[in-house]
Amino acid sequence: MLSSKVSTALNKQIQLEASSSQYYLAMASWAETQGLNGISAFLFGHADEERMHMLKLLKFVNERGGHGVVPALKQPPVTFKSVKSVFEEVLKHEMKVTEEINGLVEITLKEKDYTTHNFLQWYVSEQIEEEALARQIVDKLKLIGDDKGGLYFFDRDLETMAAAEVAAEKGPKGK
Ligand code: OFO
């Protein structure tokens, strides 16, 4: 059974994962309107992943005798300054999520809730991957600068990455 402290903290995380999904969805939609199909496919996929992160938490809370609450969400931005600014935002956002996950882990230790602590380890590793990927993308975009040709190839790269993610999810080891 979850303590009320842990339950409240997990519900806060449910809200953050849901708003991450919404945020990336807004980025994906904007990118699609700019003709950046690879970038938008990647971001649509990322939005789906965040929804999965949210659902995983919600189900865990319910399984442990709490109540996973479906949160209200704020409207995310409609337009973005540039592709680079989008991915800088992604990185900033993922760093914030990591901080929150670490805070959650700390709460479970204080509450001696080792089951939830164990469950959260999946999120700890996921954040390492997500931050590293966002950082790698921001670095690439810095190299590309204002080069339109570079952006074209970057868009194609992300299309390939998005397709590989979808194939991996359909495969036997899908997350
Ligand atoms: Fe849920 O990992 Fe990103 O935000």
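The legends below describe close-up views of a predicted model.

**View 1. Two salt bridges in helix α3, Glu-88 with Lys-84 and Lys-92 with Glu-89.**
Side chains of opposite charge can pair when their charged atoms come close. Glu-88 and Lys-84 form a salt bridge in which the closest N and O atoms are 3.3 Å apart, and because these two residues are four residues apart in helix α3, about one helical turn separates them. Glu-88 is partly exposed, at 34% relative accessibility, and Lys-84 is likewise partly exposed, at 35%. In the other pair, the side chains of Lys-92 and Glu-89 meet with an N to O distance of 3.7 Å, and both residues lie in helix α3, three residues apart, which is again about one turn of the helix. Lys-92 has a relative accessible area of 55% and is therefore exposed, whereas Glu-89, with a relative accessible area of 28%, is partly exposed.

**View 2. The salt bridge between Glu-131 and Arg-135 in helix α4.**
The closest N and O atoms of Glu-131 and Arg-135 are 3.1 Å apart, and the two side chains form a salt bridge. Both residues belong to helix α4, which covers residues 114–144, and they are four residues apart, about one turn of the helix. Glu-131 is buried, because its relative accessible area of 14% falls under the 20% limit for that class, while Arg-135 is partly exposed, with a relative accessible area of 36%. A search of the whole structure finds seven salt bridges, and the pair of Glu-131 and Arg-135 is one such bridge.

**View 3. The polar contact between His-93 and Ser-20.**
His-93 lies in helix α3, which runs over residues 83–110, and its side chain is joined to the side chain of Ser-20 by a polar contact of 2.8 Å. His-93 counts as buried, because its relative accessibility is 12%.

**View 4. A negative surface patch formed by Asp-48, Glu-129, Glu-165 and Glu-169.**
Four acidic residues, Asp-48, Glu-129, Glu-165 and Glu-169, together form this negative patch on the surface. One of them, Asp-48, is found in helix α2, which covers residues 37–63. With a relative accessible area of 52%, Asp-48 is exposed, and so Asp-48 lies above the 30% relative accessible area that residues of a patch must exceed.

**View 5. Asp-155 in helix α5, shown with Ser-21.**
Asp-155 is found in helix α5, a helix that covers residues 148–170, and at 10% relative accessibility this aspartate counts as buried. Asp-155 and Ser-21 are 134 residues apart in sequence, and the distance between them in space, taken from C-alpha to C-alpha, is 21 Å.

**View 6. Lys-112 in the loop between α3 and α4.**
The phi angle of Lys-112 is near 55 degrees, a positive value in a residue other than glycine. Lys-112 lies in the loop that connects helix α3 to helix α4, and this lysine counts as exposed, because its relative accessibility is 61%.

Definitions and conventions. Residues are numbered from 1 along each chain as its sequence is written. This is a predicted model: local features need pLDDT of at least 70, side-chain atom pairs count only at pLDDT 80 or more; totals for chains, interfaces and linings use all residues. Side-chain values use heavy atoms; hydrogens and water are left out. Patches are made of residues with over 30% relative accessible area and no salt bridge: like charges are joined within 9 Å, nonpolar side chains (Val, Leu, Ile, Met, Phe, Trp, Tyr) within 5 Å. Accessible areas come from the Shrake-Rupley method with a 1.4 Å probe; for residues, only the protein chains shown count as cover. Lys and Arg count as positive and Asp and Glu as negative; His and the chain ends are not counted. The place of a charge is taken as NZ of Lys, CZ of Arg, CG of Asp or CD of Glu. Buried means under 20% relative accessible area, exposed over 50%, partly exposed in between (1.4 Å probe, protein chains only). A polar contact is a pair of N or O atoms within 3.5 Å; within protein, one must be able to donate a hydrogen and the other to accept it, and residues adjacent in sequence count only if both atoms are side-chain atoms.
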